Structures are given as structure tokens and as C-alpha cells.
Amino acid sequence: MAPHPVTQAVIDFSAGAIGGTACVLSGQPFDTAKVKMQTFPTMYRGFIHCFLSTFRQVGLRGLYKGTSPALVANISENAVLFLSYGLCQDVVRLVSGMEKSIELSTLQKACAGSLASIFSSLALCPTELVKCRLQAMHEMEASGKITGGQRSTLWTVVKTVLRTNGPLGFYQGLTSTIVREIPGYFCFFGAYELSRSAFAQYLGTDKDGIGVLPLMFSGGFGGACLWLMVYPIDCVKSRIQVYSLAGRQEGFMKTFMGVIRNEGFSTLYSGLTPTMIRTFPANGALFLAYELSRKFMMETAGV
């Protein structure tokens, strides 16, 4: 029996929030290194140097800088993403003239995920801006882009954005976020479903019965495909959100072309190593938590 649409929406929203929490807790130090290397690529020789430098200068808490907004960002993004993903699957069925009970193909699910990412971008952009600024505050001071000695807490960053740019200031980098998310989540959901189907065929079972490790691998594989596809766009987004702290920052295309012209195309891949290391545990935890919590809630609701 199909669940009531409201019940289904609440379950998808809640499972997405639980998955987002698991994703942050398992991958935050790697995300911090990624943002630092994206915004200040000449300051670090590589991932290990960035990781150890941050640990020596600020301690373990430096690697978890921005965890609060990261939790808010990932919980809100994934809650909205998976809520929208369920609704967008219904839209794809409607457009394709399919019955609601019919399972979508991998390509159709990838399209639904891509469409859902537009809505999750609106929830993600403000909190990701705060997170990126907190993570790169030390480098902004060290490079002289802002005056040193400023307190860098969640609330001081929020107040600075409101005072300087008003509420719309939280949406600096929204264009690059949407440009990143649409192709990224097509690859994310497409690769995830493709991997689950391959495991199910190999193990002779359905996709829900492949087990924990294949499920986590599928989530990590989806995340790896996402980042390989959109990493240069994410680098530009991080720069816009961090550098705008020092004043008005150019838009997406001008920032993108400026990086290529002044620093070379390879600079757009600064921080890729910690991102790829992070993607398997973080996205594996995301989908494991999402699928298990969703299954539990569906069974509890008698679906």
C-alpha cells in the first residue's frame, strides 16, 4: 500500500536530515582542508601539509571549524534534497506517463535528483557561505585580505554578513551553487543507483538487500562521480563566498576566468585529494543512514 503523500514527505525529509548529520560527522576535517586549499592554493604544498599546518596552528578544533553551520547546511540540504527527490520522481513519472507504483530507471532517477538539487541549493547556499568563511578565516587574516584579531564564531560571521550585505548577502555564490548542483546530482544519484543495480545483479538479490558495505560503496561512488564532475565549479563558489568577506567579489564567470588567466586551470582542482578521501566515508554514511532510517520509518508507519 502506498503511503499518504504527507507521510511519505515527512519520512523522506527526516531520513535526509539523519543522512546529512552522518555525512558531516564523518567527513568535516577533510572538508575544512578542501575549502582552505581551494581559496588559498599557494599557501599549502598539498593535503597533508594543509592538514598538519591547521592542526599545529589552531589544534584539532581548527579541523572542525565550521561544523555547526556544516551540520545546519547538510541537514537542511539533504532534508530538502531527499524530500524534493521523492516529489521530483513523481514529476518524472507524470511526464513519462507512468503509474506511481512503477520503479523508475536509473536515468530517470538521475534526472529527478538533478531537478531536486535546484530546491536544495536554496537551503544550502546561506549556511555553506558561513561555513566556508569560518573555515578560511585564518588564511584571510594571514594573507592580509582582512584585519587580524577578529573573533571568528558562527554568530560574528552571521552578523557581519547581515551588517555588510543584508539578508541577500547569504546568497552570494548562489549561481555557482546551482550550476554545481544540477549536473553534480545527476551524476550523484545516477552513479548511486547504477552501483546498487550492479551489486544487486551480482549478488542475485534486489537493491534493498545488497547489504551495508555495497550500500556504503554505492554512496561513496556516487559522491566521487559528483565531485569529479563539478569540482572546478565548487572551487569558484568557495572563492566567491570567502573572498566576498573582504569586499565585493566578482560573479561566477569573471571569477572562473580570473583563476584560469592568473593561476592556471589546475588551480581549480586544489583540494581535490581531501575531497576524494572524504567522499567514500561521508557519502557512504549519508546513504547508509538515509536508507536505514527511511526503511525503519516506512515499516513503523505500516507501509
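## Cysteines, helices and internal spaces in a predicted model

The count of disulfides comes to zero, where a disulfide is a pair of cysteine sulfur atoms within 2.5 Å. The structure is a predicted model, in which local features need pLDDT of at least 70, side-chain atom pairs count only at pLDDT 80 or more, and totals for chains, interfaces and linings use all residues. Residues are numbered from 1 along each chain as its sequence is written, and side-chain values use heavy atoms, with hydrogens and water left out.

### Cysteines

The closest cysteine sulfur to that of Cys88 belongs to Cys111 and lies 11 Å away, which is too far for a bond. Cys125 is likewise in no disulfide, with the sulfur of Cys132, the nearest one, at 9.4 Å. Cys88 counts as buried at 4% relative accessibility, and Cys125 counts as buried at 0%; buried means under 20% relative accessible area, exposed means over 50%, and partly exposed lies in between, with a 1.4 Å probe and protein chains only.

### Helices

Helices are DSSP runs of H or I with at least four residues, strands are runs of E with at least two, and both are numbered from the N terminus. The table sets the end-to-end C-alpha distance of three helices beside the expected span, which is 1.5 Å times one less than the number of residues.

| Helix | Residues in helix | Expected span | End C-alpha distance |
|---|---|---|---|
| H4 | 30 residues | 44 Å | 41 Å |
| H5 | 30 residues | 44 Å | 36 Å |
| H11 | 29 residues | 42 Å | 41 Å |

For H4 the distance agrees with the expected span, and the same verdict of agreement holds for H11, whereas H5, covering residues 106-135, falls short of what a straight helix would reach. H5 has a kink of about 40° at Leu124, shortly before the proline Pro126, the bend at a residue being the angle between axes fitted to the seven residues ending there and the seven starting there. Of the 30 residues of H5, 22 are buried, so this helix is largely enclosed by the rest of the structure.

H11 also bends by about 40°, at Thr279, and the proline Pro281 follows within four residues. Glycines with positive phi come after two of these helices: Gly97, just after H4, has a phi of about 70°, and Gly302, which follows H11, has a phi near 80°.

### Pocket and cavity

Rolling a probe the size of a water molecule over the atoms shows where empty space is left. On a 1 Å grid over the protein atoms alone, a cavity is a set of points where a 1.4 Å probe fits but cannot get out, while a pocket is an open set with protein on both sides within 12 Å along at least five of seven lines, and lining residues have an atom within 4 Å of a point. Grid points are joined across faces, edges and corners, and a volume is the space filled by probe spheres set on the points.

The largest pocket has a volume of about 1200 Å³. It is lined by 41 residues, and those closest to its centre are Gln8, Glu103, Asp208, Arg294 and Met298. Two or more lining residues come from each of H1 (5-39), H4 (67-96), H8 (174-203), H9 (212-243) and H11 (272-300), with H11 giving the largest share, nine residues. By class, this lining has 20 nonpolar, six polar and 15 charged residues, where Ala, Val, Leu, Ile, Met, Phe, Trp, Tyr, Cys and Pro count as nonpolar, Asp, Glu, Lys and Arg as charged, and the others, Gly among them, as polar.

One cavity of 30 Å³ or more is present in the structure, and the largest cavity has a volume of about 310 Å³. Among its 24 lining residues, Asn74, Glu77, Tyr185, Trp227 and Arg278 lie nearest the centre. H1, H4, H5, H8, H9 and H11 each supply at least two residues of the cavity lining, which by class has ten nonpolar, five polar and nine charged residues.

### Individual residues in H8 and H9

Phe221 is placed in helix H9 and is partly exposed at 30% relative accessibility; its C-alpha atom is 26 Å from that of Val91, 130 residues apart along the chain. Met229 is also in helix H9 and is partly exposed at 47%, with its C-alpha atom separated by 13 Å from that of Ser114. Arg196, in helix H8, is buried with a relative accessible area of 5%.
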